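Got your viewer open? Load the model, switch to cartoon view and keep the selection box handy.

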Amino acid sequence: MASPSYDEVAVGTEIGPERYPIQRLTLVKYCGASGDFNVIHWNERIARQAGLPDVIAHGMLTMAEAARLVTDWAGDPGAVREYGVRFAKPVVVPDDDTGVEVLVTGRVAEKLPDRRVAVDLTATCGDVEVLAKARAVVQLA
């Protein structure tokens, strides 16, 4: 994907959608990579005892998948200058061979000084919005 230039994008430019699958194996790999072995991410019994419907994905994993849309669009992970989200709902990951998908879309919300743009992101799992107030500021060429 070619990197967009500041002059090519406009407020309202759509980014995505992209679908990011998450399975139990994804959670195990993320546990090892991040060092976050909280049992609610891999043990159904403990997750249910904690009041959750089932094992849930790490919030930071969900956040990272949403950011991937932006970094792929920008063509350079280093182009992201700011990034923030609020976790709205957990991503529940069933113990099957399918798992779930997080659907991420973006839209250029503002053109900022110094060739930067603000991108608002929407991340859903099924019909549930899992991230809120997700916004990245991206430096474009």
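Is Glu-101 buried, exposed or partly exposed? Select Glu-101 and have a look: with a relative accessibility of 38%, Glu-101 counts as partly exposed. Keep in mind throughout that this is a predicted model.

Now add Arg-19 to the selection. Its side chain meets that of Glu-101 in a salt bridge, at 3.3 Å from N to O. The two come from distant parts of the chain, with Arg-19 in strand E1 and Glu-101 in strand E3 (residues 100–112), 82 residues apart. Arg-19 is exposed, at 52% relative accessible area.

Zoom out for a moment. The chain holds three helices and six strands, and from the N terminus they run β-α-α-α-β-β-β-β-β. The C-alpha trace spans about 50 × 30 × 25 Å along its principal axes. Of the 141 residues, 40% are buried. If you count contacts between residues at least 6 apart in sequence, 67% of them join residues at least 24 apart.

Next, select helix H1, residues 24–34. Colour Arg-24, Leu-27 and Cys-31, the buried residues of H1. Look down the helix axis: these buried residues fall within an arc of 55°, so they line one face of H1. The spacing rule helps here: an α-helix has 3.6 residues a turn, so residues three or four places apart point the same way. Flip to the face turned away from the buried side, and you'll find the exposed residues Lys-29, Gly-32 and Ala-33. To see what covers the buried residues of H1, show strand E1 (14–22), helix H2 (44–49) and helix H3 (59–74), which are among the covering elements. Just past H1 comes Gly-35, with a positive phi near 80°.

Stay with Arg-24 and bring up Glu-44. They form a salt bridge, with the closest N and O atoms 3.8 Å apart. Glu-44 sits in helix H2 and Arg-24 in helix H1, 20 residues apart. Glu-44 is partly exposed at 31% relative accessible area, while Arg-24 is buried at 14%.

Last pair: select Arg-135 and Glu-110, whose side chains meet in a salt bridge at 2.8 Å, N to O. Arg-135 lies in strand E6 (residues 131–139) and Glu-110 in strand E3, so the pair ties together parts 25 residues apart in sequence. Arg-135 is partly exposed at 32%, and Glu-110 is partly exposed at 33%.

Before you close the session, select Arg-24, Glu-44, Arg-48 and Asp-54 together: salt bridges with shared partners join them into one network. In total, the chain has nine salt bridges.

Conventions
Residues numbered from 1 in each chain as written. Predicted model: local features only at pLDDT ≥ 70, side-chain atom pairs only at ≥ 80, totals over all residues. Heavy atoms only, no water. Helix = DSSP H or I, 4+ residues; strand = E, 2+ residues; numbered from the N terminus. Buried < 20%, exposed > 50% of the residue type's maximum accessible area, 1.4 Å probe, protein only. Contact = heavy atoms within 4.5 Å. Arc of directions from axis to C-beta. Salt bridge = Lys/Arg side-chain N within 4 Å of Asp/Glu carboxyl O.
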